Amino acid sequence: MQNEGLKNIWAKYQKEIADDHYYYLRSCIRQNFFPGAEYYFLKILREVLGKDVYDDPRHTTCTGIGYHSDIVPFETIQTVVAREFALMTAAGYRNVAVSCVTSFGIYSEILETWREFPKELQKARENLWKATKREFEIPENIAHASDIIYKFRHQIAEKAKYKLVNTNTGKPLQIVEHIGCHYAKMFPVKGIGGAEFPQVLSGMIAAWGGDVVDYPERRHCCGFGFRQYLVQQNRGYSLSNSKKKLESMQPYEPDAIICNCPGCTMFLDRWQYTLYEMEGKRYGQNNESIPVLAYEELAALVLGFEPWNVGLQMHEINTESLLDKMGIAYNPDEKYLDKNKQPIGSFNKTGCLSCC
Amino acid sequence: MNKSIVVIGAGVAGIEVASILADMGYNVFIIEKNKNIGGNVAFWHHLFPNNRSAAEVREYMNQKIKVPNITLFPNTEVTDISQKKNVYVVRTNKDATFEVGAVLIATGFTPFDARRKEEYGYGIYDNVITSVDLEKKLERGENITTTQGMAPKRIAFVHCVGSRDAKVGHTYCSKVCCITGVKQAIEMSKMFPDAEMYCFYMDLRMHGLEYERFYKDAQENYNTQFIRGRVSEVSENKDKSIQLKAEDTLSGLPLKMKVDLLVLLVGMEQGKDSDKLCDILHLHKTPENFIQPQDPHLQGNVSSRQGVFIAGTCIQPMTINETMQNARSAALEINHYLLHL
Ligand code: SF4
């Protein structure tokens, strides 16, 4: 890859990211799959970077998954989004931080619709008023949560306790990044670095000492693809997409996969287990599986937070190989203990994927 | 009558107009921003449809300007043009001033900057080049290899790069790239007889008399397969070969292919030079950003401003032969205008 060419492309796709005072819009699925990701996003922003983030318990799902499955009509989702903005307005915020790529795509699509078709905006205002008696302002700045971590990646690097470097060899870790289709493919200008050679995650990886793996199926769908998975009969299709990606990255022997989107993190993590069960095949180094992390989890590790507090035990694929390479100390006996040192239960199959 | 003319651009059109007007007894000042004459032909290797050497055309141009009443100003750019009645005052960055009866714009075209089609990875992946790069390499006598120094075993050509593509703002056909692709595929096949050639096209525009023959020849004798479908994605394999994805719209199947070299057949667009002159002279442009003729049928070489004429690919995409003919008609138009002033 020619760096000069990359820089030219990246220069075209930079966007304004608010510096402070964010109204946080959570993902509806991530808190169940990888709860540490959102928890540490808030912790890093508030406690490490000293930012103000409002985490409003009243806000709801954006209904994006229902919308992309043709269950939620466009008019309905516009009203739901209008309500999120009304809550933001009432709370006195103007900047939105979106914790989910699907939602980010939804907000971007709806704002573009309102810009192109002002009558739709008017209708959304009327529908919201009829349903809730609420009014709203359009946010001044919408950023995906990864945009914000990207913006502060160098500050995080300055405070970092660990680097994305293999402490055994001194070489940069080889990291696969996956930004998720709805982050930039719909509106390349809304994603840092655009859709073809995205910079949002690769910028973090580079700032924290790692190397980005540019593998042929880098832009391919993670396998979620909504109806590919949500319609049970299609799940083989979902799986085959993940397989295609994993096969394509395998020759590069990646040390980890970093994802932008809750769905992608979930599928690239869980389907590795499924593929192993089905085919007995793993795609990482030494015939092990490849750890899959959310970018906030990675940021938390780099900053030195304790891996089990970051929630890495919630991953199907064990992350210990990555921790070992980074030189992060952890107590294996505490992996499945809660803060009171009580067992939280564990996966039946996880351990066998990369340890035995 | 002022018997002087400024010609802006020393490519095929500019030189042809200049030489005809010089023959007619006019004084012609050619202003060329580059060191050498020839425009885009200056670095071309062989020309379709008969594979003649572009050097022969360059030699023709060199001979044509070797007359006393043509003066060439290389490395020179026009900075301002003003008008006093029927006289145009043309100023350059070299502090020269010309008072002339007519101005001809023959600024030609700029090859499309393939970096704008990000999905093809030009400027990012080593083994993605443009048709212009390939011509330059051939003209310089370089070996055609992958950047890893290997002879390519499979080469793909992508048609319509930067043309017929609303996403880059160019809805028009650049007219020459289909046949350039066929020509280059044949050249590559001659160079690498065991290699496979693939051309990915939307539809093939073989408008010249001999082009269909050339196209058939490529298929029958030069290992070239034509696949109807646009390339949607290009990525790099670990060994630096190129993976491309396309849809074969004739078989109705998606396709993934590994190639050693990918050649992007870049189209024509208008660059800064014609933009600048259009701004200075307040000329009308077409929606495609080419210079608008006064009347597309009857006054194809007359700009929207009296005394300012246009020739060649600043008007629309043209082949070299068409540019020659267009230039000759521009010369007649200018002569007619000056005689009737
Ligand atoms: S000549 Fe062929 S390749 Fe060029 S723009 Fe027209 S159709 Fe496309």
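1. The two domains of chain B bury about 1,700 Å² between them, and carbon and sulfur atoms give 63% of that area. Buried area here is the accessible area (1.4 Å probe) that two parts lose on being put together, summed over both. The structure is a predicted model, in which local features need pLDDT of at least 70 and side-chain atom pairs count only at pLDDT 80 or more, while totals for chains, interfaces and linings use all residues. Residues are numbered from 1 along each chain as its sequence is written, chains are lettered from A and ligands numbered from 1 in the order in which they are written, and side-chain values use heavy atoms, with hydrogens and water left out.

2. The domain assignment of chain B gives domain 1 as 4–109 + 270–339 and domain 2 as 114–267; such bounds come from an automatic or database domain assignment. The centres of these two domains, taken over C-alpha atoms, are 31 Å apart. Domain 1 of chain B puts 15 residues into the contact and domain 2 of chain B puts in 21, contact meaning heavy atoms within 4.5 Å.

3. Between the domains of chain B the rule finds two salt bridges. The term covers a side-chain nitrogen of Lys or Arg within 4 Å of a carboxyl oxygen of Asp or Glu. B:Glu139 and B:Arg58 form a salt bridge, with their closest N and O atoms 2.8 Å apart. Seven residue pairs are in polar contact across this interface, both residues at pLDDT 80 or more. A polar contact is a pair of N or O atoms within 3.5 Å; within protein, one must be able to donate a hydrogen and the other to accept it, and residues adjacent in sequence count only if both atoms are side-chain atoms. On the side of domain 1 of chain B that touches domain 2 of chain B there are eight nonpolar, four polar and three charged residues. In this classification Ala, Val, Leu, Ile, Met, Phe, Trp, Tyr, Cys and Pro are nonpolar, Asp, Glu, Lys and Arg are charged, and the others, Gly among them, are polar.

4. Chain A is assigned domain 1 (22–145) and domain 2 (153–354), with 25 Å between their centres over C-alpha atoms. In contact are 30 residues of domain 1 of chain A and 34 residues of domain 2 of chain A. The area buried between them is about 2,800 Å², 74% of it from carbon and sulfur atoms. Within domain 1 of chain A, the residues that lose the most area to domain 2 of chain A are A:Phe34, A:Tyr40 and A:Val101, together 24% of what that side buries.

5. Three salt bridges are counted between the domains of chain A. A:Arg227 pairs with A:Asp70 in a salt bridge, the closest N and O atoms being 3.5 Å apart. Polar contact is found for three residue pairs across this interface, both residues at pLDDT 80 or more. Helix 2 (30–33), helix 3 (35–48), helix 4 (64–68) and helix 6 (101–116) of chain A each supply at least two residues of the domain 1 side. Helix 3 of chain A gives the largest share of that side, eight residues. Helices (H or I, at least four residues) and strands (E, at least two) are DSSP runs, numbered from the N terminus. By class, the domain 1 side has 15 nonpolar, 10 polar and five charged residues.

6. Between the chains, 18 residues of chain B are in contact with 19 residues of chain A. The two chains bury about 1,600 Å², 43% of it on carbon and sulfur atoms. In chain B, B:Glu118, B:Ile124 and B:Lys238 lose the most area to chain A, together 40% of what that side buries.

7. Four salt bridges cross the interface of chain B and chain A. B:Lys245 and A:Glu217 meet in a salt bridge at 2.4 Å, N to O. The polar contacts across this interface number 13 residue pairs, both residues at pLDDT 80 or more. Strand 15 (231–236) and strand 16 (242–248) of chain B are the elements that give two or more residues to the chain B side; strand 15 gives the most, with four. That side has three nonpolar, five polar and 10 charged residues.

8. The residues around the ligand include B:His159, B:Cys160, B:Cys173, B:Cys177, B:Cys178 and B:Arg205, where near means a heavy atom within 4 Å. The shell divides into five nonpolar, three polar and four charged residues.
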